[in-house]
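Trainee: I have a model open and want to learn how to read it. Where do we start?

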Amino acid sequence: MAKDLMKGNEAIGAAAIKAGCRYFFGYPITPQSELPEYMSRELPKVGGVFLQAESEVAAINMVYGASGAGARVMTSSSSPGISLKMEGISYIAGAELPCLIVNIVRGGPGLGGIQPAQSDYFQATKGGGHGDYRLIVLAPNSIQEMCDLVMDGFDIADQYRNPVMILGDGTLGQMMEAVEFNEPKKRELPPKDWATTGIKDKNGKKRLISSLFIQPEDLENHNLKLQMKYEEIKKNETKFESLDVDDADIVLTAYGTTSRIVSNAIKALKKIGIKAGMIRPITLWPFPYGAYEKAADSAKAFLTVEMSLGQMVEDVRLGVNGKKPVYFYGRTGGMLPDQTEIVEKVKKILGGEI
Amino acid sequence: MVEQQIIIAGFGGQGVLSMGQILSYAGLLEGKNVSWLPSYGPEMRGGTANCNVIISEELVGSPIVKEADAAIIMNLPSLEKFEKFVVSGGNLLINSSLISEKTSRGDVKAYEIPANDIANEIGNAKVANMVMLGAYIELTKIVAKQSIIQSVEKVLGSSKGNLIQINEEALKRGAESVKCYK
Amino acid sequence: MKTVFDRTKALTPAAMHYCPGCTHGIVHRLVGEVLEELDILDKSTMVAPVGCSTFIYDYINCDAQQAAHGRAPAVATGIKRVHPDSIVFTYQGDGDLASIGTAEIVHAAMRGERITVIFVNNAIYGMTGGQMAPTTLAGQKASTAPLGRDKLHYGMPIRMSEMLATLDSATFIERVSVHDPAHIRKAKSAIKKAFENQITGVGFSMVEVLSTCPTNWKMTPVEALEWLKDNMIPYYPLGNIGNPKEVE
């Protein structure tokens, strides 16, 4: 198929429909509104349902109901709206329901702004909602990768019965790039023999979707079972890209849009003879700690670059585990990290100035 | 490596974003790597609009243009805001129909193109953006004129034959307008 | 031996956890009997609320989803949109439906979701220990209104049925009571109508059931039934509030 030029938000919708998603529940918010608009146009054409809910709270609970009923379903929002969805996300994780949640991040806290940011990293990877649960968080850095991760994301969600989040930002949502829709890798997906259809199964047994375990023993066991699943996900799904890390004096690290600014900075550093490499996490949870642990043996220092004032850097430090210094450079509030400033920071680090 | 990083800016409604899309799509048609990044704000109409376009033979790194090989400037506020982003020796295309001021940059190649006047002569004020685009591709040859026409067809739909003709004429007149600089 | 009365097979054999004299058991049985009589037990999914009736999924013998507090109508919307031919109903208390879940119930009704809502109004929060509800009557004591609901402080109680009946797509709204056998029979026929509407796809249907909470009202079961009749019914009048009509 020939490549098409698509806006990020619309490409997510197209990829979701290609992946068999037929239900979308959402609420408008900048900078992701093109996605629900696209779904409202395209889903009815394939026999799907688009519903604009009264709030993000309602939308995520509609996702809960639809997923519990066995459907491939998604929702999308941007930062303040994702905060509202957190209650539902915790229930979805607790009831082990598969779904895709898209966060096209904007600057916070509070109403914040509408320009791109990466300041929802903690919320996405460390909880956000209540309880001992994990979201699988995928962080693309191009429209093509966003499409690939959306399509694979639905399968990952089904395979592990776990919510999956695509963590983008305003830049990825708004920009256009060439895309083609590739089949994701084949996964063995378990049958949804738990879904409530109203029709009882052959043994006349009714089905229940619930995150309620009133007996402490039961709730502990449920949590232990979830932890086993999370360990399995860590083992199988951790994904990152590494660029010239082996002989690098300094390893830069960034995800999403920021990683593209960093890759420009690395080119500029090479021109002036500085050996720089990059680790780019593609899954933010599970986080690729091992990549940093290994790189810490050869690199002299690390520099984390984010569109926040330092969130992922905490995971980078856990990975590096004190073996080498980890520095940080970030811009926030919708301001983007600057390539020249990154280069200057690296020079200072390697020159022993900081 | 052939690469062009472009800033296109003007009022909302001047076809700034669609000019960038048409240029990007033309690059895609020629098998190049492209990115198009719009500014976005709370206003629906009447504000300023700009977009960053990158056309490259290599994979596009950051889609954000900070060092522009060229800027296409449709109105005065955009000149003041964006002329500083053009690299030394880069192309600065100025819509002189609406901008009487000169650029403050002495180290760039400035082109004054009366885009609105030309568009009015052709008979459709809306194609001022295509006049600018015609001038731009004449200067850089980053994509062929034919690819631009193909992508206009894609954007407008091939049934709008008359509009496509006017767009073609606009591209041609834009190209002619910068030949005198050579 | 001839069987003269049998428990509906829509109810499981599980022993209910409700307090002595609580009317939830009656309402459960009415819902169960209607599901059996309409032969929809094997095509129904119920959405359980947060509150005393959370564990309804242990008692009614059909598929169920347990929802977050107040969100049952949104969850039911998700299920019904995926399985439009199945029967989907919520069972919610007044804290769930009339307080934390007002947005969800109003908009499910506005959209005319083809679901059935059983709204059990006992004018108090039961499970959390007798706190004031939006439906608590003026002057009625609650653990967070020890001197009784002060209407200058909290306003007057909310009448959800009347409010929802202003919505064109809320096609069937009826308020019933279960304080005596005659009213229980009327309650059952309203519940039946609400499910029949879903079978024929008419639109959103809700039955508000006035109920008692002897424990938190601090009354005997009989006193509680009397109190319901003398105090709740005058403020929450019984009867049909919105008629079924086809949505054009």
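Mentor: Keep in mind that this is a predicted model. Start with a single residue, B:Val131. Setting aside neighbours within four places in sequence, B:Val131 is in contact with B:Ile113, B:Ala115, B:Ile118, B:Ala119, B:Ala170, B:Arg173 and B:Gly174.

Trainee: How do I go from one residue to a core?

Mentor: In soluble globular proteins, nonpolar side chains tend to be buried together. Here the largest nonpolar core has 245 residues. B:Val131 is among those with the most contacts inside it, as are A:Leu100, A:Val150, B:Leu93, B:Met132 and C:Ile118.

Trainee: Which helix gives the most to this core?

Mentor: Helix H6 of chain A, residues 143-160, with 10 residues. The core also draws at least three residues from each of domain 1 (4-198 + 223-237) and domain 2 (241-350) of chain A.

Trainee: How do I read a helix, say H1 of chain C?

Mentor: Check its span, then its buried residues. H1(C), residues 24-37, reaches 20 Å from first C-alpha to last, close to the 20 Å expected. Its buried residues include C:Val27, C:Leu30, C:Val31 and C:Val34. The buried residues of H1(C) pack against strands S1, S4 and S6 and helices H2 and H8 of chain C. After H1(C) comes C:Asp39, with a positive phi near 55°.

Trainee: And the contact between chains B and A?

Mentor: Count residues, then look at elements. Each chain puts in 16 residues. On the chain B side, strand S2 (33-38) gives the most, five residues. That side divides into 10 nonpolar, five polar and one charged.

Trainee: How do S8 of chain A and S2(B) run, parallel or antiparallel?

Mentor: Antiparallel, joined by two bridges. A:Met176 stands opposite B:Trp36.

Key: Residues numbered from 1 in each chain as written. Chains lettered and ligands numbered in written order. Predicted model: local features only at pLDDT ≥ 70, side-chain atom pairs only at ≥ 80, totals over all residues. Core = buried A, V, L, I, M, F, W, Y, C linked by C-beta atoms within 7 Å. Buried ≥ 20, exposed ≤ 12 C-beta atoms within 10 Å, placed from the backbone. Helix = DSSP H or I, 4+ residues; strand = E, 2+ residues; numbered from the N terminus. Domains from an automatic or database assignment. Contact = placed C-beta atoms within 7 Å. Expected span 1.5 Å × (residues − 1). Nonpolar A, V, L, I, M, F, W, Y, C, P; charged D, E, K, R; others polar. Pairing = 2+ DSSP bridges.
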